[in-house]
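User: Please take a close look at one loop for me, down to the single residue, and then place it in the wider picture. Keep it casual, but give me the cut-offs behind each term.

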Amino acid sequence: MDDRVLLERVRAKLADLPDGRTHADIARIVREETSGVVSDLKMLEILRRIREESVGGGILDRLLRGPNVSDVVVTAPDRVWVDRGQGMQLEGVSFADEEEVRSLAVRLAGRCGRRLDDAQPWADGHIPGGIAGRGVRVHAVLAPPSGTGTQISLRVLRPARRGLGELGAAGLFPAEIQRVLEAIVRAQLSFIVAGGTGAGKTTLLAAMLSEVPADQRIVCIEDTPELDPGHPHVVKLVTRAANVEGAGAIGQQELVRQALRMRPDRIVVGEIRGGEVVDLLAALNTGHRGGAGTLHANRVEDVLARFEALGLIGGLDREALHSQLSSAVQVVLIVRRQAEGRRLAEIGVVVGVSGAGGAAPRLVRAWSYDEGPAEGWETLQGLLASVD
């Protein structure tokens, strides 16, 4: 009997069981369907497949377990892609049909505590227990609105806790820049790590937080718990989405406010992406030195525009944002994903310029991976020398 037909028959009979399923139930049904002619190896394979379908990622489990896998996406029953650090690559894995893809998407959304159906055709969440032993962030969209069938995007969440020495050895930055990064943390300069998706923002941020002195308390605010710096005193605050009734949501903006009451030495926002930028800048301007966060921007020159856009979300106009940013943030680090690997591409400094409307900041490149020291290098060195 064909394996797929056998599995379908086993699934159908398991669904009719009144009190759930056990391994003994599965084994009995398999033997009934094969007239008892089934090897131990085949039985183990069927048990594994049934378990993956009920609690794991189905046929995606094997891919999620693979070394260096950061993303697994499904764009069609016969189009499964994997990113192992060299971009998306098509895998030789297929679902039986669109219905099987949709069924997996609905089940994964359910494990995140999210609803996914025709009335709510997309879901975004995090599976705390993970899949295949790894934390996973799940996003899924059904058809419609997807015009090409059910779309599943899985991001493998690896705790970001490598140190600066490991990142330098991996080629993220040269040895002399490691000393600069360590000095930025020691000087309690507030910094932003910016870059595109998968560029290594969280990895670099966690490595720098590992350099924070052990007698300082770090409070991290995140959507999904990825930051795991090698530091003895880290408090993690994680957002919560609304439940199926639309209640109970806890956003980053509220968590930043709560963090201010928790006696933080360093306030860190895992990803600045909304109105929380207003509260974070206010905190950094009221004695909380050495704060940090990540931001989506590809160049030093793009960071200011990104802050302006986020400030508007939080009700902060351009002039007020400029005034806050000039004194709140001192350093910007740009990470970039390139063909040869991830790189710390640029270091920039925030320079306040006196103007008619107050302090209008200017972001100046201090160093780049390709060209070395740049216009703002002396300003950066001055910042490192002038702060206790």
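Analyst: Quick definition up front: helices (H or I, at least four residues) and strands (E, at least two) are DSSP runs, numbered from the N terminus. This is a predicted model, where local features need pLDDT of at least 70 and side-chain atom pairs count only at pLDDT 80 or more, while totals for chains, interfaces and linings use all residues. Residues are numbered from 1 along each chain as its sequence is written, and side-chain values use heavy atoms, with hydrogens and water left out.

The loop I'd zoom in on sits between strand S5 (134-141) and strand S6 (151-157), and Thr150 is part of it. Is Thr150 buried or exposed? Thr150 counts as buried because its relative accessibility is just 1%; the scheme is buried under 20% relative accessible area, exposed over 50%, and partly exposed in between (1.4 Å probe, protein chains only).

What does the side chain of Thr150 make a polar contact with? The partner is the side chain of Glu98, at 2.6 Å. A polar contact here is a pair of N or O atoms within 3.5 Å; within protein, one must be able to donate a hydrogen and the other to accept it, and residues adjacent in sequence count only if both atoms are side-chain atoms. If you skip the neighbours within four places in sequence, Thr150 is in contact with Val74, Thr75, Glu98, Val101, Arg102, Ala105, Val141 and Leu142 (contact means heavy atoms within 4.5 Å).

The backbone of this loop deserves a look too. Ala143 and Pro144 are joined by a cis peptide bond, with omega about -25 degrees. Another cis peptide bond joins Pro144 and Pro145, where omega is about 15 degrees. Pro144 lies in the loop between S5 and S6, and Pro145 is found there as well.

Now for the backbone elsewhere. Asn68 is not a glycine, yet has a positive phi of about 65 degrees; its place is the loop between helix H4 (61-65) and strand S1 (71-76). With 57% relative accessibility, Asn68 counts as exposed. Arg263, in the loop between helix H9 (252-259) and strand S10 (266-269), is not a glycine either and has a positive phi of about 55 degrees. Arg263 counts as exposed, at 55% relative accessibility. On the other side of H9, Gly248 is found in the loop between strand S9 (234-238) and H9. Gly248 is partly exposed at 35%, and, its neighbours within four places aside, is in contact with Arg240, Ala241 and Ala242.

Another glycine to check is Gly293, which is found in strand S11 (residues 292-296). Gly293 is buried, with a relative accessible area of 0%. Gly293 and Val268 are 25 residues apart in sequence, but their C-alpha atoms are 5.4 Å apart in space. Beyond four places in sequence, the contacts of Gly293 are Phe191, Ile192, Val193, Leu205, Val269 and Ile272.

Leu205 leads us to helix H8, where Leu205 is among the buried residues. Helix H8 (residues 201-209) is largely enclosed by the rest of the structure because 8 of its 9 residues are buried.

On to helix packing. The axes of helix H10 (residues 276-284) and helix H11 (residues 300-313) come within 7 Å and cross at roughly 110 degrees. Axes are lines fitted to C-alpha atoms, for helices over the stretch in contact, and angles run from 0 to 180 degrees between N-to-C directions. H10 and H11 are therefore roughly perpendicular; under 35 degrees would count as roughly parallel, over 145 as roughly antiparallel, 65 to 115 as roughly perpendicular and the rest as oblique. From H10, Val277, Val278 and Leu281 meet Phe307, Leu310 and Gly311 of H11.

Zooming out, the chain has 13 helices and 15 strands. Of its 388 residues, 48% are buried. Among contacts with a separation of 6 or more, 54% come from residues 24 or more positions apart.
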